[in-house]
Amino acid sequence: MISWRRDPSQPGRGYALTSEFDIVEASLRDLGELRRLERECFELDAWPLIDLVAVLTFPGIIRLKAVVNGKMAGFVASDLRRGEDLAWIVTIGVLPTFRRRGIARELMYACEARLTAKRIRLSVRRNNLPAIKLYQTEGYTQVDVWGNYYADGEDALILEKKVNIG
Ligand SMILES: CC(C)(COP(=O)(O)OP(=O)(O)OC[C@H]1O[C@@H](n2cnc3c(N)ncnc32)[C@H](O)[C@@H]1OP(=O)(O)O)[C@@H](O)C(=O)NCCC(=O)NCCS
């Protein structure tokens, strides 16, 4: 099991961490907790059970959870498009109680560190300002808009970050 703990002496993170968390690989054993997290984080876009099983089991997917006191507080997953130097972060969420502690940021760092692609993309609702702010501060910029993408008609912004270059 890969275990990761934030180094509080690392400069430039710009937030105070009030409780510690670990970032570890997730597995099918996390299905129940991931289902709860999905429901709490994504009212309109929660994935069906079959997609949650897929994200926890399919090969080629990076799946990481943030753990606080033994419980899942956040989750990120990414998949590498075969034959392309492009990876997609397909989901990221942090339970409301644990937000603004840097957990999503660290989940993204840990996920990006495991990717070998040169570009990472993600989609976000046009009005999801907390997520857009997170992605912008982490160096993602808008490269496309998918109109009417979500079930309720909201547009998706496609953001991209270039990594592993040079
Ligand atoms: C978006 C989300 C993942 C952020 O998780 P988080 O753990 O609270 O984020 P972090 O604490 O790592 O925040 C890192 C930075 O992102 C930005 N940010 C995060 N939440 C923000 C908010 N509510 N308002 C403004 N900026 C915000 C800030 O720049 C923040 O840095 P700072 O705290 O030093 O100012 C979380 O709000 C969430 O799960 N939302 C519901 C699910 C969702 O929308 N997922 C994204 C789908 S595309």
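This briefing walks through the ligand surroundings, one helix pair and the confidence of the structure above. Keep in mind that the model is predicted. The protein chain averages a pLDDT of 89, and 87% of the residues score at least 70. Around the ligand there are 21 residues, and helix α4 gives the most to that shell.

**Around the ligand**
- Of the 21 residues in the shell, the ones that come nearest to the ligand are R99, A104, R105, P130 and L134.
- Three elements each supply at least two shell residues: β5 (86–94), α3 (103–114) and α4 (129–137).
- Helix α4 contributes 5 residues, the most to the shell.
- By class, the shell around the ligand splits into 11 nonpolar, 5 polar and 5 charged residues.

**How α1 and α2 meet**
- Helix α1 covers residues 31–41 and helix α2 covers residues 49–57; their axes come within 10 Å and cross at roughly 125°.
- That angle lies outside the range of 65 to 115 degrees for roughly perpendicular and is not over 145, so α1 and α2 count as oblique to each other.
- The crossing of α1 and α2 is right-handed.
- On the α1 side, the residues in this contact are L31, L34, R35 and E38, and they meet L49, L52, V53 and L56 of α2.
- Sorted by class, the contact between α1 and α2 has 6 nonpolar and 2 charged residues, with no polar ones.

**Where to be wary of confidence**
- Over residues 1–5, pLDDT stays under 50, and the model has 11 contacts beyond four places in sequence for this stretch.
- Residues 8–18 also have pLDDT below 50, with 7 contacts in the model beyond near neighbours in sequence.

Technical notes:
Residues are numbered from 1 along each chain as its sequence is written. This is a predicted model: local features need pLDDT of at least 70, side-chain atom pairs count only at pLDDT 80 or more; totals for chains, interfaces and linings use all residues. A residue is near a molecule or strand if its C-beta atom, placed from the backbone, lies within 6 Å of it. Helices (H or I, at least four residues) and strands (E, at least two) are DSSP runs, numbered from the N terminus. Ala, Val, Leu, Ile, Met, Phe, Trp, Tyr, Cys and Pro count as nonpolar, Asp, Glu, Lys and Arg as charged, and the others, Gly among them, as polar. Axes are lines fitted to C-alpha atoms, for helices over the stretch in contact, and angles run from 0 to 180 degrees between N-to-C directions. Angles under 35 degrees count as roughly parallel, over 145 as roughly antiparallel, 65 to 115 as roughly perpendicular and the rest as oblique. A crossing is left-handed if the near helix is turned anticlockwise from the far one by less than a right angle, and right-handed if clockwise. Two residues are in contact if their C-beta atoms, placed from the backbone, lie within 7 Å. pLDDT is the predictor's confidence in each residue, from 0 to 100.
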